[in-house]
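Student: I've got a model open and I'd like to learn how to read it. Could you walk me through it?

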Amino acid sequence: MTVGLNAFLIVAGLLFAVGLLGVTLRQNTLVIYMSLELMLNAVNLAFVAFSRYNGTMDGNLFVFFIITVAAAEVALGLAIIVALFRRRQSVMVDQLNALSH
Amino acid sequence: MLDILFYVFSAITLIAAVLMVLTPNAVNGAMCMIVAFIGTAALFVLLEAYFLAVIQVVVYAGAVMVLFLFIIMLLDVDKGEGATEYNNKLTIGASAIGFLLLVMLVFTAFSGDHLPELGLTAVTENPEVFDGGVPFTTSSKSFGYSLFTKYMLPFQVAGFLLLAAMIGVIVVSKKHDVAED
């Protein structure tokens, strides 16, 4: 494969930018959360690319740990969103503004 | 051949990610998200990280997205009041400008010859441990070597973190009495 490290880093950076766009643009908490997962995924891609082109296994192991932490984070975050929905009957961020009043 | 596959999988991943961000329906967004995750798994295969590709499909595209879809359908947020999105024009403008700035930053940072272009080294099947860490191999055996030697403490901490997350989820999702607080 003649594709270099920089091409993979560009793809990872673009994925991260798209995820950040989703976090800033959307009102739905669940979609914001999915965009956060996308940003984590972009970082994973950069880690694996660095690991492959560097010739060591450390980046791959970091991705392993990141996936573990992301799975735990998703479970906890969704539980928090469900608890929030039970109390406020909404998951839109512009209606979850009790602290700003 | 592999170069064409790289461009195809990158395009699929990026297009699915953009669709996920822009589609108004949350369920459609979750479906696009699955495509984006599987595209990333394909890029992992191109980088010869086969074990991580399988983990990515099983954990992200499987467990995590099923959990997301389950919660989306449970809460049924697309109906009822508050389903309006993109209501603030200022937010759209600011997000678009910020996104374009980030894209320009990514291209200028990575597309020049600022970083040295490294060649791909040959990959062996079986790991050999030496002083500088575990070299890159295609077998999942090197994961085992590293997890039980160099990364023993993080491995234990990750296990403890999963336990803590499980207890946390049980506590958070327990039915509280509203009058109590």
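Tutor: Sure. Let's start with a term: a nonpolar core is a set of buried Ala, Val, Leu, Ile, Met, Phe, Trp, Tyr and Cys residues joined through C-beta atoms within 7 Å. Keep in mind that this is a predicted model.

Student: Which residues have the most contacts inside the largest nonpolar core?

Tutor: The general idea is that in soluble globular proteins, nonpolar side chains tend to be buried together. Here the largest core has 70 residues, and those with the most contacts inside it are A:Ala12, A:Leu15, A:Leu30, A:Met34, A:Leu45, A:Val48 and A:Ala49. Two or more residues each come from helix 1 (5–25), helix 2 (29–54) and helix 3 (58–88) of chain A, and likewise from helix 1, helix 2, helix 3 and helix 4 of chain B. Helix 1 of chain A gives the largest share of this core, 13 residues. Domain 1 (1–76) and domain 2 (137–175) of chain B each supply at least three residues to this core.

Student: Let's back up to the chains. How many helices and strands are there in chain A?

Tutor: Chain A has three helices and zero strands, so reading from the N terminus gives α-α-α. Chain B has six helices and zero strands, and its order is α-α-α-α-α-α.

Student: What does the radius of gyration of chain A look like against a compact globule?

Tutor: For a compact globule of 101 residues you'd expect a radius of gyration near 13 Å, but chain A has 17 Å. Look at the C-alpha trace too: along its principal axes chain A spans about 55 × 25 × 20 Å.

Student: What share of each chain is buried?

Tutor: In chain A, buried residues make up 51% of the 101 residues. In chain B, 27% of the 181 residues count as buried. You can also look at contact separation. Take the contacts with a separation of 6 or more: in chain A, residues 24 or more positions apart account for 43% of them, and in chain B the figure is 39%.

Student: Where are the domains of chain B?

Tutor: Domain 1 runs over 1–76 and domain 2 over 137–175. Their centres, taken over C-alpha atoms, are separated by 23 Å.

Student: How many residues does each chain bring to the contact between them?

Tutor: People often give the size of an interface as the accessible area lost when the parts come together. Here we go by residue counts: 69 residues from chain B and 64 residues from chain A. On the side of chain B that touches chain A, the elements giving two or more residues are helix 1 (2–22), helix 2 (26–46), helix 3 (50–75), helix 4 (89–110), helix 5 (141–148) and helix 6 (152–172) of chain B. The residues on that side of chain B divide into 50 nonpolar, 15 polar and four charged.

Student: Can we zoom in? Which residues does A:Met34 touch?

Tutor: Skip residues up to four places away in sequence, and A:Met34 touches B:Met20, B:Gly29, B:Ala30, B:Met33 and B:Phe68.

Student: And A:Val63, is that buried or exposed?

Tutor: The cut-off for buried is 20 or more other C-beta atoms within 10 Å. A:Val63 is buried because 25 other C-beta atoms lie within 10 Å. You'll find A:Val63 in helix 3 of chain A. Leaving aside neighbours within four places in sequence, A:Val63 is in contact with A:Asn44, A:Phe47, A:Val48 and B:Leu52.

Student: How do I read the length of helix 2 of chain B?

Tutor: An α-helix has 3.6 residues a turn, so residues three or four places apart point the same way. For length, use the rise of 1.5 Å a residue: helix 2 of chain B has 21 residues and reaches 30 Å from its first C-alpha to its last, close to the 30 Å expected. Helix 2 of chain B is mostly covered, with 15 of its 21 residues buried.

Student: Where does B:Glu48 sit, and what is its phi?

Tutor: B:Glu48 is in the loop between helix 2 and helix 3 of chain B. Its phi is near 65°, a positive value in a residue other than glycine. B:Glu48 counts as partly exposed because it has 18 C-beta neighbours inside 10 Å.

Student: What about A:Gln89, buried or exposed?

Tutor: A:Gln89 is exposed, with 12 other C-beta atoms within 10 Å. A:Gln89 lies in the segment after helix 3 of chain A, and has a positive phi of about 60° although it is not a glycine.

Conventions
Residues numbered from 1 in each chain as written. Chains lettered and ligands numbered in written order. Predicted model: local features only at pLDDT ≥ 70, side-chain atom pairs only at ≥ 80, totals over all residues. Contact = placed C-beta atoms within 7 Å. Helix = DSSP H or I, 4+ residues; strand = E, 2+ residues; numbered from the N terminus. Nonpolar A, V, L, I, M, F, W, Y, C, P; charged D, E, K, R; others polar. Rg over C-alpha atoms; globule rule 2.2 N^0.38 Å. Domains from an automatic or database assignment. Expected span 1.5 Å × (residues − 1).
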